[in-house]
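Visitor: Please take one close look with me at the salt bridges, and explain each term as you go. I would like one connected account that I can follow along the chain.

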Amino acid sequence: MNLFRLSTVVLLAALATACASAPKSASNAPAEPVVVDGSAAADATTAPALPAEPPVDPATVGAAPTVADATAGDGAEDDFAAIYGQGAYDPVADPSLPAPAQSPAAYDPWEKFNRKVHAFNNAVDRTVARPLARAYVAAVPRPVRLGVGNFFDNLRQPLTMVNQLLQGRPRDATQTFGRFVVNSTLGIGGLFDPASDLKMKRRSEDFGQTLGTWGWKRSRYVELPFFGPRTVRDVLGLAGDMPLSPVRQIEDDKTRIFLQGLNLVDTRAQLLSLDSLREGAVDDYALVRDSWLQRRNYQIESHRTPQQPTEDELPEYLQDENTPTVPVDAMPMPEISGGG
């Protein structure tokens, strides 16, 4: 009995010694505080430290990037220069492009006076001529209006023939005379135009063009009341054309004035298609002056210089059919007689 008790005491003592010498669990150990030090490395059991930021230059704080900075790394200009042997391409200063077209300067020393007359003509046009032309187009069918235009064009063919002879163009004068005969007979007084079907070209010549062909090339621009754009040369040309006007030879005043008025309205109706172009112009006076002078110069020079562009290649404002001027026989001008 005593031996059993002694064995039990020895076993309990051995168990107590084993428990006292066993290591403690990590879950029961208190967490050690971690000290963060920027200049020292952290302990192996802590998270890795972030990389240090580069130093900030106070002079660059708040400075926005510029275009030069954005393109500093782009070598496209250098590549272009290396290939073509020049700097960056400038489309405005490209030497391979043709020179821009230069319009001849208008000889207009009376511009201040001409602008006042132009304003007067525009007022008359807005209040009288344009409304009459629109009413004429609305009331008269197109075939009838074409017949009216052919009639007055045929009346001016003798005047064209005489000026072609004065310009030293007998071949063109012969063709113009043949055109007048064909349209006056087969065309029933010029209402129809069978001469065009026979490939007989329509031409329009006046004494102003004849003076230009004779050498009077440069003439100052002037705008006349009711007549519109002219030059001093063309004003003298009107005086030379008046004795050859068929309408002015009509003695009956009512018939003559009716034909002159109809001619004016028909001429204005042919210009209605250009009204939208003029309304959108920044300077209507300069547009009318420059386009009229350009067309007039072409009319004079087209028979002097060979290999002129064909009619289809010309701008519309250079074509006589689209931009007719007020003819001398359409205005009630005073009679010029040599007697007393």
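**Salt bridges and their surroundings**

Guide: Asp153 counts as buried because its relative accessibility is 12%, and the terms here are buried for under 20% relative accessible area, exposed for over 50% and partly exposed in between, with a 1.4 Å probe and protein chains only. This is a predicted model, in which local features need pLDDT of at least 70 and side-chain atom pairs count only at pLDDT 80 or more, while totals for chains, interfaces and linings use all residues. Residues are numbered from 1 along each chain as its sequence is written, and side-chain values use heavy atoms, with hydrogens and water left out.

Side chains of opposite charge can pair when their charged atoms come close. The partner of Asp153 is Arg202, and the closest N and O atoms of this salt bridge are 3.5 Å apart; the term asks for a side-chain nitrogen of Lys or Arg within 4 Å of a carboxyl oxygen of Asp or Glu. The two residues belong to distant parts of the chain, 49 residues apart, with Asp153 in helix H5 (residues 142-155) and Arg202 in the loop between helix H8 (194-197) and helix H9 (207-213). Such names follow DSSP runs numbered from the N terminus, helices being H or I with at least four residues and strands being E with at least two. Unlike a buried residue, Arg202 counts as partly exposed, because its relative accessibility is 28%.

Arg203 has a salt bridge with Asp172, where the closest N and O atoms are 3.6 Å apart. Here too distant parts of the chain are linked, since Arg203 lies in the loop between H8 and H9 and Asp172 in helix H7 (residues 170-185), 31 residues apart. Arg203 is buried because its relative accessible area is 15%, and Asp172 counts as buried at 17% relative accessibility.

A further salt bridge brings together the side chains of Arg296 and Asp234, at 2.6 Å from N to O. Arg296 sits in helix H13 and Asp234 in helix H10 (residues 232-241), so that the pair links distant parts of the chain, 62 residues apart. Both Arg296 and Asp234 are buried. Elsewhere, salt bridges that share partners join Asp125, Arg130, Arg268, Asp275 and Glu279 into one network, and the structure holds 20 salt bridges.

Some members of that network also appear beside a pocket. The second largest pocket has a volume of about 940 Å³, and of its 35 lining residues the closest to the centre are Asp125, Arg268, Leu271, Arg278 and Val326. On a 1 Å grid over the protein atoms alone, a pocket is an open set of points with protein on both sides within 12 Å along at least five of seven lines, a cavity is a set where a 1.4 Å probe fits but cannot get out, and lining residues have an atom within 4 Å of a point. Grid points are joined across faces, edges and corners, and the volume is the space filled by probe spheres set on the points. Helix H4 (111-139) gives the most to this lining, with eight residues. The lining divides into 19 nonpolar, nine polar and seven charged residues, where Ala, Val, Leu, Ile, Met, Phe, Trp, Tyr, Cys and Pro count as nonpolar, Asp, Glu, Lys and Arg as charged, and the others, Gly among them, as polar.
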